[in-house]
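Please work through the following exercises with the sequence and the model side by side, trying each task before reading its solution.

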Amino acid sequence: MNLTPWKWNFIWKLLLPPRVLHFLWVLLHNRLLTNVGRAARGMTTDLTCGRCMAGQEDEDHVFRTCSSSSRIWEDISTSVTKSASYNSEWESWLFENLKCTFLIGGRIPSYLLFVVTLWFIWKWRCEKVFDVNFTIPPSPGKIVMQYVESWLDANAKLEDSYPKKSCMLSWTAPPPGWVKLNVDGSRISDSGFIAAGGIIRNERKSWLVGFALNKGSGDVIEAELWGIFEGLNLAWKAGFRKVEVESDSMYAVRLLSNDTPLNHPLFNIISDCKTILQREWTCTLRHTFKECNRTADSLAKLGHLLHLGMSVFEDPPAQISAVMEEDSRGLASSRIIPSL
Ligand SMILES: [Zn+2]
């Protein structure tokens, strides 16, 4: 069992466009198919960089040392000088730049510009691989900057366009004939240990079955996906065929609602979840707020204290009875949300 916490876990807190965050995640898991990466997987024997023809194409080369990339960094470095620094090792260079929250022009977090630049470098690199005649646009810095600014504008517009309101949120029972599965993942940041938990209740708010899973170490998103997977499995085995699934991880719900690239670091668990969702039953998966998912959260936290693997509970464990009782009473917590 690998006990080292994933040192990049802070990336989940960064403000990044979803596809750029996904790219970063793949990069940090060493899953990008550079020529060195492809050779390691037996897909090629030619390690040469297809852009400069003068080096082995590993990640450091693609993003930093390739002459084609240094030209892009130079074009951008008018605003971000730190990104162009070549004095550190590849990983510390990444780390430093990802941790850099300085606001360029008082508005753009420098890590955002940094990651979007990495993303464009990779995008242009791939275009070059598929089309030898492709050339990088004459002002790459401008293009990257425009992308970042329009994404920030769109985000700000979205935020402003909905008037906010304070809302009372509580867990709600499923409609008659349905059961509701609430699932959650948990991660202890010091140790990197992950756990998950879930609960199935009926329309009368009664406990049907619950579980907690101690899963060793991993990413928080892995914990969320394992929670969904084991919860679905449990619901299927228990014979429920009309199931509402709620997770408070927007990212996990999105991963399961969209196509999954083959090189996705969590491809297997995502596919396993999708396979169960597509069985012969009526099963809906949606995002819910943390305030409506508190019992599942308590079970996930309980998972850390139990033996490795699954613990299934036919009756509610004592540690969660208080929070479950609050759910049943409809205890609500307030949250500021956009009023749609
Ligand atoms: Zn090169």
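Two strands count as paired if DSSP finds at least two bridges between them, where strands (E, at least two residues) and helices (H or I, at least four residues) are DSSP runs numbered from the N terminus. The model is predicted, so that local features need pLDDT of at least 70 and side-chain atom pairs count only at pLDDT 80 or more, while totals for chains, interfaces and linings use all residues. Residues are numbered from 1 along each chain as its sequence is written.

**Exercise 1. Determine how strands β5 and β6 are joined, and place them in their sheet.**

Start with the pair itself: β5 (residues 193-202) and β6 (residues 207-217) run antiparallel and are joined by eight bridges. As a point of register, Ala196 stands opposite Leu213 in β6.

Next, widen the view to the open sheet, in which six strands with mixed pairing follow the order β8-β7-β4-β5-β6-β9. Because β8 (282-287) and β9 (309-313) stand at the edges with a single partner strand each, one side of each has no neighbour in the sheet. On average, neighbouring strands of this sheet are turned by 15° against each other, direction ignored.

**Exercise 2. Find which strands helix α8 lies across.**

Take a contact to be two residues whose C-beta atoms, placed from the backbone, lie within 7 Å, and take angles from 0 to 180 degrees between N-to-C directions of axes, which are lines fitted to C-alpha atoms, for helices over the stretch in contact. Helix α8 (residues 220-237) then lies across β4 (179-187), β5, β6, β7 (242-247) and β9, and runs at about 150° to β4. Helix α11 (residues 294-303) also packs on the sheet, where it touches β4, β5 and β6 and makes about 140° with the direction of β5.

**Exercise 3. Decide which residues of helix α4 are buried.**

Apply the cut-offs: a residue is buried if 20 or more other C-beta atoms lie within 10 Å of its own, exposed if 12 or fewer, and partly exposed in between, with C-beta atoms placed from the backbone. In α4 (residues 67-76), the buried residues are Ser69, Ile72, Trp73 and Ile76. They lie on the same side of α4 because they cover an arc of only 95° around the axis, the arc being that of the directions from the helix axis to the C-beta atoms. The face turned away from this buried side carries the exposed residues Ser67 and Glu74.

**Exercise 4. Is Asn30 buried or exposed?**

Asn30 lies in the loop between α1 (18-28) and α2 (35-40), and its phi is near 55°, a positive value in a residue other than glycine. Asn30 counts as exposed because it has 12 C-beta neighbours inside 10 Å.
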